[in-house]
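Trainee: I would like a close look at a single part of this structure, namely how its helices pack against one another. Please take it slowly.

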Amino acid sequence: STVQPHEKRRRMEEKSPYEEKVKEFKDEFMKEAEELLREFFPRKVLQLNDLLKSETFSELHDFSSMRAEVPPVGVADGEGGGGPANKKRKLKEMEAEEKSEVSPRAIPTNRKIGEVIAVLKPEIRTLITTCNKMKVWIQLLIPRIEDGNNFGVSIQEDTLSEVTRLEGDTSSFLDHVSRYYVARGKLASKLLKYPTVEDYRIALDELDEKQYVALRLTLCEMRNIYSGLHDMIMKNLEKIKTPRTQRVESMY
């Protein structure tokens with residue numbers, strides 16, 4: 001059956017039972033986002049700046065202390081002769097390795113780099129979540145589309161684009177960590193396979209040093225993101241929160 005126009009209008013005017021709850025959610029979310037902007041952002045800038053000055057992230061850090069303890073790797077398979085006595089000794093070594101939880105030929109992970117990563121990963125996740133909240137906050141502040149008087153809306157859109165970009169950049173920090181472990185695993189396997197090649201051992205140390213520098217730069221970049229984002233939004237806060245003035249709106 002055909003629905004009459006007045007019936008359609010009545011249905012459209014009826015409030016959904018969830019509408020009030022959604023409004024409460026939005027109001028609470030907006031309040032939380034503004035508290036993040038005014039209190040959490042400045043606090044994080046100071047906290048990360050203090051962390052950069054700590055001994056763990058000191059710019060004058062002694063890289064020799066960051067090197068992993070790589071034990072001497074045994075003679076590679078196929079070297080040292082193939083006599084019965086040598087084969088018997090190798091068989092005993094293999095049996096001993098199978099019984100132990102960690103092979104004596106295993107190359108351990110760099111625990112000091114691991115400790116630095118353990119400090120940074122929660123900070124990365126926090127920044128991603130914070131950027132996401134700022135993004136939703138700005139989206140909720142964007143008014144309906146109208147002709148004219150869109151200068152404030154353009155400021156909102158520019159800020160939203162920047163927050164979205166920073167959220168993506170921060171997410172990529174986690175990819176860098178996984179890529180480091182993959183690259184290190186490949187180098188470690190090469191060192192196990194060719195224990196007499198000193199270059200692989202040096203390359204392993206160089207990779208750890210490079211990763212430490214990258215982690216410190218990541219922390220520095222996160223501090224700068226909090227600082228820059230806070231500065232940009234606070235400078236344009238009036239236009240972001242009220243993109244269209246009442247005086248101009250009353251003219252239409």
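Mentor: What follows goes through the helix packing one pair at a time.

The model is predicted, so a word on confidence comes first. The mean pLDDT of the protein is 83, and 74% of its residues reach 70 or more. Residues 97-104 stay under 50, and the model gives them 4 contacts beyond four places in sequence. Residues 248-252 are also below 50, with 4 contacts in the model beyond near neighbours in sequence. Where pLDDT is low, the predicted coordinates should not be read in detail.

Now to the packing. Two packed helices are described by the angle between their axes and the distance between the axes.

Take helix α4, residues 111-141, and begin with its partner α6, residues 198-235. The axes of α4 and α6 come within 11 Å and cross at roughly 25°. An angle under 35 degrees counts as roughly parallel, and α4 and α6 are therefore roughly parallel to each other. The crossing of α4 with α6 is left-handed. On the α4 side, the residues that meet α6 include Ile113, Val116, Ile117, Leu120, Met134 and Trp137. On the α6 side, Asp208, Gln211, Tyr212, Leu215 and Ile233 are among them. Sorted by class, this contact has 17 nonpolar, 4 polar and 2 charged residues.

The next partner of α4 is helix α5, residues 151-193. Here the axes are 9 Å apart and the angle is about 160°. That makes α4 roughly antiparallel to α5. This crossing is left-handed too. The contact of α4 with α5 divides into 17 nonpolar, 8 polar and 3 charged residues.

Helix α6 also packs against α2, which covers residues 19-53. The axes of α2 and α6 come within 9 Å and cross at roughly 155°. An angle over 145 degrees counts as roughly antiparallel, and this is therefore the arrangement of α2 and α6. Their crossing is left-handed. From α2 the contact includes Leu37, Arg38, Phe40, Phe41 and Pro42, and from α6 it includes Arg216, Cys220, Arg223 and His230. By class, the contact of α2 with α6 has 15 nonpolar, 3 polar and 4 charged residues.

Some residues of α6 turn up in two of these contacts. Leu219, Met222, Tyr226, Leu229 and Ile233 are among the α6 residues that meet α4, and they are also listed in the contact with α2.

One link remains, between α2 and α4. Side chains of opposite charge can pair when their charged atoms come close. The count of salt bridges comes to 11. One of them joins glutamate 32 and lysine 133, at 2.8 Å from N to O. Glutamate 32 lies in α2 and lysine 133 in α4, so the pair ties together parts that are 101 residues apart in sequence.

Notes: Residues numbered from 1 in each chain as written. Predicted model: local features only at pLDDT ≥ 70, side-chain atom pairs only at ≥ 80, totals over all residues. Heavy atoms only, no water. Axes fitted to C-alpha atoms, helices over the stretch in contact; angles between N-to-C directions. Helix = DSSP H or I, 4+ residues; strand = E, 2+ residues; numbered from the N terminus. Parallel < 35°, antiparallel > 145°, perpendicular 65-115°, else oblique. Left-handed = near helix turned anticlockwise from the far one by under 90°. Contact = heavy atoms within 4.5 Å. Nonpolar A, V, L, I, M, F, W, Y, C, P; charged D, E, K, R; others polar. pLDDT = per-residue confidence, 0-100. Salt bridge = Lys/Arg side-chain N within 4 Å of Asp/Glu carboxyl O.
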